[in-house]
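Hello,

I am passing on a structure that you have not met before. Please have a look at it, and then read on for what turned up.

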Amino acid sequence: METRESILKNLEGLRDELRGLQEPSHELEEWAQEEKERDILILQEQRQEEELSRIQIALQRIDQGTYGQCARCGRPIGDERLEEVPTAVFCMNCQP
Ligand SMILES: [Zn+2]
């Protein structure tokens with residue numbers, strides 16, 4: 001069962017994640033320049049964009065009241081999984 005408290009906790013996690021994504025990773029940039037230069041940075045940016053869109057989808061689902069519900073089978077995703085993956089849209093069984 002989703003409690004209001006756990007949803008708020010998950011939201012807080014999403015905000016932290018957003019903040020983390022917005023902060024530039026100097027370490028990674030330096031390392032990328034030494035290694036494969038831009039390829040790695042581009043991959044990282046793609047990953048961050050994907051993560052951002054997942055967060056936006058999660059926030060939309062909170063607005064719609066479907067957060068924590070599997071988008072495929074409609075069952076609860078489960079607090080444990082949401083704690084680990086706050087942006088999860090599918091339950092463990094439906095995860096592609
Ligand atoms: Zn499911």
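What percentage of the 96 residues in the protein chain is buried? Buried residues account for 10% of them. A residue counts as buried if 20 or more other C-beta atoms lie within 10 Å of its own, exposed if 12 or fewer do, and partly exposed in between, with C-beta atoms placed from the backbone.

Some background before the details. This is a predicted model, in which local features need pLDDT of at least 70 and side-chain atom pairs count only at pLDDT 80 or more, while totals for chains, interfaces and linings use all residues. Residues are numbered from 1 along each chain as its sequence is written.

The protein chain holds four helices and zero strands, in the order α-α-α-α from the N terminus. Helices (H or I, at least four residues) and strands (E, at least two) are DSSP runs, numbered from the N terminus.

As for confidence, pLDDT is the predictor's own rating of each residue, from 0 to 100. Its mean over the protein chain is 81, and 75% of the residues reach 70 or more. Among the elements, helix α4 (residues 79-84) has the highest mean, 91, and helix α2 (residues 26-34) the lowest, 65. Where pLDDT is low, please do not read the predicted coordinates in detail.

Now to helix α3 (residues 38-64), which includes Arg54. The 27 residues of α3 should span 39 Å at 1.5 Å a residue, and its end C-alpha atoms are indeed 39 Å apart; the expected span is 1.5 Å times one less than the number of residues. After α3 comes Gly65, with a positive phi near 80°.

Arg54 is partly exposed because 17 other C-beta atoms lie within 10 Å. Its C-alpha is 5.8 Å from that of Thr87, 33 residues away in sequence. Ile55, also in α3, is partly exposed because it has 18 C-beta neighbours inside 10 Å. Between Ile55 and Glu17, 38 residues apart along the chain, the C-alpha separation is 8.6 Å.

Best wishes
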